[in-house]
Amino acid sequence: MALADGHLPVLPLGADKRPLGNCRDCADLACGGRPNMKTPGPCVCPWPCHGWAAATTNPSVLASRQWGLAWRRARAIGYHPGGALVTVVDLDNPDAVAWARTTLPQTKTVTTTRGEHWIYRGAMRSANKVRPGVDIKSLMAYARWLGPGTGPITALPPAVLALVEREESTPARGAVDSSTPTRWDRSVATGCRHTPAFVQTGLERGLDNIRAHPDQGAGTAAYGAARFLAARHTACPGPCGLDGIVEELVTAAIGVGVPAGYARRCVTNGMNAALGAVV
């Protein structure tokens, strides 16, 4: 609950360090999968099925009877890094750790059984075995919670993005729609349970992450920011006036060179992934 309160989507892991298996109704994806998986589906299962896609910060879900039974079977806590707008560089052995210390910017570090997790601020595409002993865990992935780590967290650097084949190359900046986007406004968020300061702080964090990727990865950053921000409102009775947030994220992505259509798709998909994940 403390991790979820800190906006870290969590899930129970078994003794093999993997997510617990799907329930009978979800076996072999018979339910269609959760809406934030690669293939959207209608699953509203109350159990923690579908691995990382079930990770949540919703206190009602985490304290439910079904999840309570799962927690009693669990032997570790997992979390979805991309849902928290962070990236974990999983260094699986001493050689990988030595490589990171000479190649990557220092950041928050968590000691693991065999190596270290280096945690950066910002989300990106996940990939395994990007080099010997190195995995990238962020969007559509999970990592074990092994403690808060040591040292300050730093922004996701180009050196980490370069480990994964380019998801998109941000073109040179061109003409940008300079019209003023619709900003989040309490007058249209009559059913939102958050304060304006809370919403604005989260939004500025997302905008800063997008602007930190002028060369590549801005589309991924926009997706991650939209998903993170939308997830904060899943327990609100609504409406929450998220259209204004969408426009600000899209405008920020366009501002660093992401094509307008692609920017809007990234933000829309991020919003839909979070809002469709409620169980």
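Reader: How do you know that S5 and strand S9 pair, and in which sense do they do so?
Author: S5 and S9 (residues 154-155) are joined by 2 bridges in the parallel sense. Two strands pair if DSSP finds at least two bridges between them, so the requirement is met. One of the bridge partners is Ala155 of S9, which faces Arg121. The model is predicted: local features need pLDDT of at least 70, side-chain atom pairs count only at pLDDT 80 or more, and totals for chains, interfaces and linings use all residues. Residues are numbered from 1 along each chain as its sequence is written, and side-chain values use heavy atoms, with hydrogens and water left out.

Reader: Why is S9 (residues 154-155) called a strand?
Author: A strand is a DSSP run (E) of at least two residues, and a helix is a run (H or I) of at least four, each numbered from the N terminus. S9 covers residues 154-155 and is therefore long enough to count. The protein chain holds 9 helices and 9 strands.

Reader: What makes S5 a mostly covered strand?
Author: In S5 (residues 116-121), 5 of the 6 residues are buried. Buried means under 20% relative accessible area, exposed means over 50%, and partly exposed lies in between (1.4 Å probe, protein chains only). For the protein chain of 279 residues, the buried share is 51%.

Reader: Which other strands are joined to S5, and how do they run?
Author: Strand S3 (residues 86-91) is joined to S5 by 6 bridges and runs antiparallel to S5; Thr87 has Tyr120 of S5 as its bridge partner. Strand S4 (residues 108-111) is also antiparallel to S5, with 4 bridges, and Val110 is matched with His117. S4 and S5 form a hairpin, with 4 residues between them.

Reader: Why are S1 and S8 said to stand at the edges of their sheet?
Author: The sheet is open, with 3 antiparallel strands in the order S1-S2-S8. S1 (10-13) and S8 (143-144) each have a single partner strand, so one side of each is left without a neighbour in the sheet. S1 pairs with S2 (residues 76-79) in the antiparallel sense over 4 bridges, and Ile77 of S2 is the bridge partner of Pro12. Helix H3 (residues 65-73) packs on this sheet, touching S1 and S2, and its direction makes about 50 degrees with that of S1.

Reader: How do you know whether helices H6 and H7 are roughly parallel or roughly antiparallel to each other?
Author: The axes of H6 (residues 196-211) and H7 (residues 218-231) come within 8 Å and cross at roughly 170 degrees. Angles under 35 degrees count as roughly parallel, over 145 as roughly antiparallel, 65 to 115 as roughly perpendicular and the rest as oblique. The two helices are therefore roughly antiparallel. Contact means heavy atoms within 4.5 Å; among the residues that make it are Leu203 and Ile210 of H6 and Ala221 and Phe228 of H7. The residues of this contact divide into 8 nonpolar, 3 polar and 1 charged.

Reader: Why is Phe198 called partly exposed?
Author: The relative accessible area of Phe198 is 31%, which falls between the two limits and therefore earns that name. Phe198 is found in helix H6. Not counting residues up to four places away in sequence, Phe198 touches His7 and Arg232. The C-alpha atoms of Phe198 and Arg232 are separated by 10.0 Å, although these residues are 34 apart along the chain.

Technical notes
Axes fitted to C-alpha atoms, helices over the stretch in contact; angles between N-to-C directions. Nonpolar A, V, L, I, M, F, W, Y, C, P; charged D, E, K, R; others polar.
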